[in-house]
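Reader: I would like to learn how to read the features of a structure such as this one, going from the whole chain down to single side chains. Could we begin by putting it in front of us?

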Amino acid sequence: MPHAPFDVVPAELGDADVLERIRHRVVVQRWGLAWPTHDGPPIGTEARGSTPTADIVPVIGELGRKIRIVVEDDNARFAIWIARDDAAETALAPLQLSDQHGTTTTQWIEPGAPLIATEGTGGLRHVELVDDMLAVEAWANAKWIGNVWAVAPDDPSPVTVNPGTTPAWTPARDGRPLIRIAQGAVLRARADPGAGILATIKSAEFVVSVIARGPAFTEVEASRPFVRIRGFVDNAGILGPTEAFITHGHGSGHGFGMSHAARHEIPAGTCLYDKIQGDVIGVALEAQTRLGGRLEEDWALVYVDTPWNVASMYVKNLGTDPAQPPTWDSCMEPSHRR
């Protein structure tokens, strides 16, 4: 499905407001390989991609089977390509799900909910939520399922430029009482033990909001990031009241060292190129001494740590006096603006 055009180029990634101007998003489900240049050699390892994630990251381009995302590491922000197969499918707009006949259910998802989507019939696709606390299966209009979506300028949904770091999340409190329900409990479409299942609880316990209590079933609303389900739980599966939701979030970190490398004093705003005589792919965010190679013919290799591996990028010397320190090309200059 077509979406809004991409509005940001890599030379602008040092701008103070650039993340607010990047409108497109993708859910990354694996961090295996990445490509600094679309057709160049990859960095990272396939084995690393075996650990599932659900990171929502900014997107500034698509080409064929690759998506160009923006990440931040080692005091630099840069654009890098990932395989489309490493991106989860999701809703491209807020979506109410349905059964296989197209009748809507009380299951709603937002862009950012990671899905496993398979082909269906009648313009529908079967979708399964990827979540460690809630199992949900349903059907969705095929034209609203994809990889990359655009958000409104004031969209408050979380986005990260630090792979492996998901902002903490809890459902909004609305004054309704909360109850804990047991692992294996199911949310049904009606207060009937034979009614269709909308969701199954996968965690040791799960917290839901109470809508209405009944003699055998309680009507509840379950929330996960970008997912909301309204259904009925058998009172036998209720563990008791609680005052708080269970939060969601994770983080990671890394670093590197290297001996026998040249050192370059790189100011904030310096352009980072993909190769000698190549294209800008990122910007140094802070002044830093960077390890790399010797300055040769106005170009120097610098190493930038990334979530995949140490990447080779290049800086360009605009100075003309070899007796003076290099004057590194800056992306803060008008020549790099569109």
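Reader: How many Å² does the protein chain expose, and what percentage of that do carbon and sulfur atoms supply?

Author: Please keep in mind throughout that this is a predicted model. The protein chain exposes about 16,300 Å², and carbon and sulfur atoms supply 52% of this area. Of its 338 residues, 48% count as buried, and the C-alpha trace spans about 85 × 40 × 35 Å along its principal axes.

Reader: How many helices and strands does the protein chain have, and what percentage of its contacts join residues at least 24 apart?

Author: The chain has 1 helix and 31 strands. If one takes the contacts between residues at least 6 apart in sequence, 61% of them join residues at least 24 apart.

Reader: Let us turn to cross-links: how many disulfides does a search of the whole structure find?

Author: The general idea is that a disulfide is a covalent bond between the sulfur atoms of two cysteines. In this structure the search finds 1 disulfide, which joins C271 to C331 with an S to S distance of 2.2 Å. C271 belongs to strand β27 (residues 271-273) and C331 to the segment after β31 (310-316), so the bond ties together parts that are 60 residues apart in sequence. The torsion about the S-S bond is about 130°, and the disulfide is therefore right-handed.

Reader: Are the two cysteines, C271 and C331, buried or exposed?

Author: Buried is understood as under 20% relative accessible area. C271 has a relative accessible area of 0% and is therefore buried, and C331, at 0% as well, also counts as buried.

Reader: How should I read aromatic pairs, and how many of them are counted here?

Author: A pair of aromatic rings is described by the distance of the centres and the angle of the planes. The count comes to 2 aromatic pairs. In one of them, formed by Y273 and W299, the ring centres are 5.0 Å apart and the planes stand at 85°, so the pair is edge-to-face. Y273 lies in strand β27 and W299 in strand β30 (residues 299-305), so that distant parts of the chain, 26 residues apart, are linked. Y273 is buried at 6% relative accessibility, and W299 is buried at 5%.

Reader: Which charged residues lie over the rings of W35 and W108?

Author: K66 lies over the face of W35, at 4.1 Å from the ring centre. Over the ring of W108 sits the charged end of R228, 4.2 Å from the centre of that ring.

Reader: I would also like to follow single polar side chains; where is T90 found, and what does its side chain approach?

Author: T90 is found in strand β8 (residues 90-91) and is buried, with a relative accessible area of 0%. A polar atom of its side chain lies 2.9 Å from the backbone nitrogen of G112. Beyond its neighbours within four places in sequence, T90 is in contact with several residues, including E110, P111, W144 and W149.

Reader: With which side chain does the side chain of Q288 make a polar contact?

Author: The side chain of Q288, a residue of strand β29 (residues 288-292), makes a polar contact with the side chain of D74 at 3.2 Å. Not counting residues up to four places away in sequence, Q288 touches D74, N75, H264, E265 and I266.

Key:
Residues numbered from 1 in each chain as written. Predicted model: local features only at pLDDT ≥ 70, side-chain atom pairs only at ≥ 80, totals over all residues. Heavy atoms only, no water. Helix = DSSP H or I, 4+ residues; strand = E, 2+ residues; numbered from the N terminus. Polar contact = N/O pair within 3.5 Å; in protein donor to acceptor, adjacent residues only side chain to side chain. Contact = heavy atoms within 4.5 Å. Disulfide = S-S within 2.5 Å. Buried < 20%, exposed > 50% of the residue type's maximum accessible area, 1.4 Å probe, protein only. Phe/Tyr/Trp six-rings, centres within 6.5 Å; stacked < 30°, edge-to-face > 60°. Lys NZ or Arg CZ within 6 Å of the ring centre and 35° of its normal. Areas by Shrake-Rupley, 256 points an atom, 1.4 Å probe, with all protein chains shown as cover.
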